[in-house]
Amino acid sequence: MATRTFGESVLRNEDDRLLRGNGRYVDDIEAYGALHVAFVRSTFAHARIAGVDVEEAKAQPGVVAVYTCDDIGHLDQDLPLLIPHPAMTHPRTQRPLAREEVHHVGQAIAMVVAESRYEAEDAAERVVVDYEPLPVVVDLERAGAAGSPLVHDDVPGNVACHLVQVSGDPDDAFARAEHVFRARFVVERSAGHPMETRGCLARWDSHSRELTLWDSTQASISIRGGLASLFSLPENKVRVIAPDTGGGFGTKVFFFHPDEVLVPFAAMALGRPVKYIEDRSEHFVASNQERKQIHDVEVAATKDGEILGLRDTFLHDTGAFIPYGIAVAQVASTSLPGPYRIPNLHVEFKAIYTNTTTVSPYRGCGRPHACFVMERTMDLLAQELGIDRMEIRRRNLIASDEFPYTRENMVFADGLPVTLDSGDYVRALDTVLEAIGYDEFRAEQERARAEGRWIGLGLACYVEGTGLGPYEGAHVQVQSVTGKVLVSTGLTSQGQGHETVFAQIAADQLGVDPSDVQVITGDTGAFEWGVATFASRAAVVSGNAVGKAALEVREKIIDMASNMLEAAVEDIDIAEGRIFVRGSEDRHVTLKQVATVANPLRYAFDQDAQAATQFAPAFEDVGGPPLPDGRVPGLEARSYYSPPHATWASGVHAAIVEVDMDSLEVSFLKYVLVHDCGKMINPAIVEGQVMGGVAQGVGGALYEKLEYDAEGQLRNASFMDFLIPYATEVPRVELHHLETPSPLNPLGMKGVGEAGAIPVPALTASAVTDALRPLGIEIDHAPLLPGELHRLLAAAGALG
Ligand code: MCN
């Protein structure tokens, strides 16, 4: 009888607001008398700072203050290392404003605060920095080799961390192997590039001594804690609000970016609100990036294609600093074997400093690299052994009756051993092969080749550890005056549809429509415990917390209604805003009436409340009697969910591509995918998430590479030169859902926010290699830029 929207593609609550242009992003928030910030950023990738002259800048019209590291008091210290790891022998984090040395182009050196952004920008140009250039290293291999220039004087070999993980007995596997081969794979550097750049607005109330920060962040609670600690303020005196946010993709989960510390500092020092909105050029050099890794792989297999063991040694480029720890490299190393058994593993990496922008997770966080390495390895193994590419995958896939599948000693980003909880990898593969028409494709390819067309089919399987802990919480309340439901949770939203999915979960328990549920995220004033939005964790961690809290509220409603209706608790049900006695549904009360009775306070003008008094004879007297023992006012509950370990989503993508030998354009003719994120709350939102990921994956596969020159200057720091795919480059996708519930959480969910992005570079490389097979070209690099394809074709003598 109860209405249920879990699993339904209900329309998104937030879209009416967002699509009508009523979204409110940080820069939309006006604060009376606000000042504006511009930063002076390093133009050198590595230099000693002999001096910073701010006198002329200070004298410019509208300038209120100019700060260097000498002017920021106790903030002139290394920013925190967010995720320490024992293998990280040389962690280096940056200071809010550089002192004595800069380590990458774009590093903040001074902050100008003025009446307007224009005046701040103009004055920033008058700050004179005296640089003494130091040797620069950008190339990852060179940075990791003996004799390289050092990014930090006191870090030998530029090695921030060296981590070795061994599972099973790889030496024995290699000794037993009938076939061994080696390969090298490279994934280049890219970045998330959310439509809204970063930005924040701080207001200090010197009377109440309260600091409010509106911040385009993925981690409002963590920022709140950090600010309270840095400024020695009680946590309740710091409120951080992440309003509508135009994408984050990982870049905004990192904290602190220097501005997130300096803007509040200036607001407190100057007694006026202060705003900073990053411009796109700054985003290219100052906001964190990801992806560059070089992998050297060695495979031990039987002649039937069973992989016995894998050794992978890789270099991970961490940029000039490593404030986020080794999450990206660790996730890459533990995701490497993907959905395949591979019982014996040796995975080893070094995180290396270079004079480039800092690295922290970007959608996929190391998984696209892992998938690229493993899936290219699978194709190569098939080729070496003369076995069909798909057959070799099938032989190695973990079967559906092998779960939970633990990789001994492989420690994931949650600090726990990798344990794949559920899935049906073979079914996903078979579904995709059928949908893409694998069996018919060879004949189609032959026909195309006869017509002079170069088409190829590529496929990639992936797994994704999602829903990381430690916990999230939720508060669910039925408001006593309106009877409407309010849900608040600690994590933030960047466009994932949380206002809808959390509303669906609560609505199902409380028998209301999801559109009657208001969801608040990212406001520490509304909910103050939690972690952040990253690692595709909101559905699993906050979703289950909302479910638990809503269930508690449901029980309270039923308990109260059983008194009001004089019926047994077991006979009461809830649907469509009414609480009724099963079998005689005219015996009912409304949710609003129960909410009114739950709050023994009368609102004379509220007719519903008046009507409700008949159910609450004990409260008739003015002032009212004491609450019965054990009863608290209101219909609300606060609950937390802490996952036992990551839950592993999975999927298979396949595509047919065509290479235009004149323009060297690679286009997708057909794209099919199966994904499995366990039970889905809202399939339409899930599809949107997967499609968004695929679009970003296409960028990583074919277009997006941040090109640093040897001096550490980013040569393509604009959208004129750094290519992101338009709708015209993103394929139409045939999407199949597969739901293998996770046994780890009550709602059976796994995450999906990053999934779409993970396999695209791998399958594109596979498809192009297949298309160009007669030329003997192997794609071992992502992205496959036209220039790179040109080089490969020229080397193969295939250009006229
Ligand atoms: N969902 C669902 N059923 C599931 C799993 C998820 O209905 N079984 C829904 C969720 O409820 C949520 C969405 O799908 O509305 C994504 O859920 P989840 O996988 O839990 O991911 P998060 O909400 O934690 O979002 C983080 C994830 C990450 S890590 C990146 S990066 C990313 C992504 O989400 N950044 C995004 N998707 C993004 N989408 C937008 N628009 N903008 C970003 O910055």
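This is a short walk through one predicted model, from the ligand site out to some strands and two buried polar residues.

Let's start with the ligand. Its surroundings count 32 residues. Which of them come nearest? Gly-248, Gln-496, His-498, Gln-689 and Val-752 do. By class, the shell splits into 13 nonpolar, 14 polar and 5 charged residues.

Now the helices around it. Three of them each supply at least two residues of the shell. They are helix H14, residues 498-510, helix H15, residues 538-565, and helix H18, residues 683-703. H18 gives the largest share, with 3 residues.

Next, the backbone contacts to the ligand. At Arg-537, a backbone N or O atom sits 3.0 Å from a ligand oxygen. At Ile-681, a backbone N or O atom is 3.1 Å from a ligand nitrogen. At Gln-494, a polar backbone atom is 3.3 Å from a nitrogen of the ligand. How much of the ligand does the protein bury? Taken alone, the ligand exposes 830 Å², and the protein buries 95% of that.

On to Asp-244. You'll find this residue in the loop between strand S11, 238-241, and helix H7, 258-270. Is Asp-244 buried or exposed? Its relative accessibility is 15%, so Asp-244 counts as buried. The cut-off for buried is under 20%. Look at what the side chain does. It makes a polar contact of 2.6 Å with the side chain of Arg-17. The Asp-244 side chain also reaches the backbone nitrogen of Arg-24, at 2.8 Å. Beyond its sequence neighbours up to four places away, Asp-244 touches eight residues I can read out: Arg-17, Leu-18, Gly-23, Arg-24, Tyr-25, Val-26, Glu-196 and Glu-499.

A second buried polar residue is Asn-344. Its place is in strand S15, residues 344-353. Its relative accessible area is 9%, so Asn-344 is buried. Which backbone nitrogen does its side chain reach? That of Asp-169, at 2.7 Å. Asp-169 is also on the contact list of Asn-344, which leaves out neighbours within four places in sequence. Others on that list include Ser-167, Gly-168, Pro-170, Ala-173 and Arg-176. Leu-308, Gly-309 and Leu-310 are there too.

Now strand S26, residues 647-659. How many of its 13 residues are buried? The count is 13 of 13. In a regular strand, side chains alternate between the two faces of the sheet. Here is how that looks in S26. Thr-647, Ala-649, Gly-651, His-653, Ala-655, Val-657 and Val-659 point one way. Trp-648, Ser-650, Val-652, Ala-654, Ile-656 and Glu-658 point the other way. Both sets are buried.

What pairs with S26? Strand S18, residues 454-466, does, antiparallel, over 13 bridges. Ile-455 has Glu-658 as its bridge partner in S26. Strand S27, residues 666-676, also pairs with S26, antiparallel, over 10 bridges. There, Ile-656 is partnered by Lys-670 of S27. S26 and S27 form a hairpin, with 6 residues between them. In the turn, Leu-664 has a positive phi of about 60 degrees.

Strand S5 comes next, residues 108-114. Why call it largely enclosed by the rest of the structure? Because 7 of its 7 residues are buried. S5 has antiparallel partners to show you. Strand S1, residues 35-41, pairs with S5 over 6 bridges. Phe-39 stands opposite Met-111 of S5. Strand S3, residues 63-67, is joined to S5 by 4 bridges, again antiparallel. Here Val-63 stands opposite Ala-114.

There is also an open sheet of 3 strands. What is its order? It runs S4-S2-S6, with antiparallel pairing. The edge strands are S4, 101-102, and S6, 128-133, and each pairs on one side only. S2, residues 47-53, is joined to S6 by 6 bridges. Asp-53 has Val-128 as its bridge partner in S6.

One last helix. H16, residues 591-598, is mostly covered, with 7 of its 8 residues buried. Among the buried ones are Leu-591, Gln-593, Val-594 and Thr-596.

To recap the ligand site: the protein buries 95% of the 830 Å² that the ligand exposes when taken alone. Gly-248 and His-498 are among the residues that come nearest. Thanks, and over to you.

Key:
Residues are numbered from 1 along each chain as its sequence is written. This is a predicted model: local features need pLDDT of at least 70, side-chain atom pairs count only at pLDDT 80 or more; totals for chains, interfaces and linings use all residues. Side-chain values use heavy atoms; hydrogens and water are left out. Two strands pair if DSSP finds at least two bridges between them. A residue is near a molecule or strand if one of its heavy atoms lies within 4 Å of it. A polar contact is a pair of N or O atoms within 3.5 Å; within protein, one must be able to donate a hydrogen and the other to accept it, and residues adjacent in sequence count only if both atoms are side-chain atoms. Accessible areas come from the Shrake-Rupley method with a 1.4 Å probe; for residues, only the protein chains shown count as cover. Ala, Val, Leu, Ile, Met, Phe, Trp, Tyr, Cys and Pro count as nonpolar, Asp, Glu, Lys and Arg as charged, and the others, Gly among them, as polar. Buried means under 20% relative accessible area, exposed over 50%, partly exposed in between (1.4 Å probe, protein chains only). Contact means heavy atoms within 4.5 Å.
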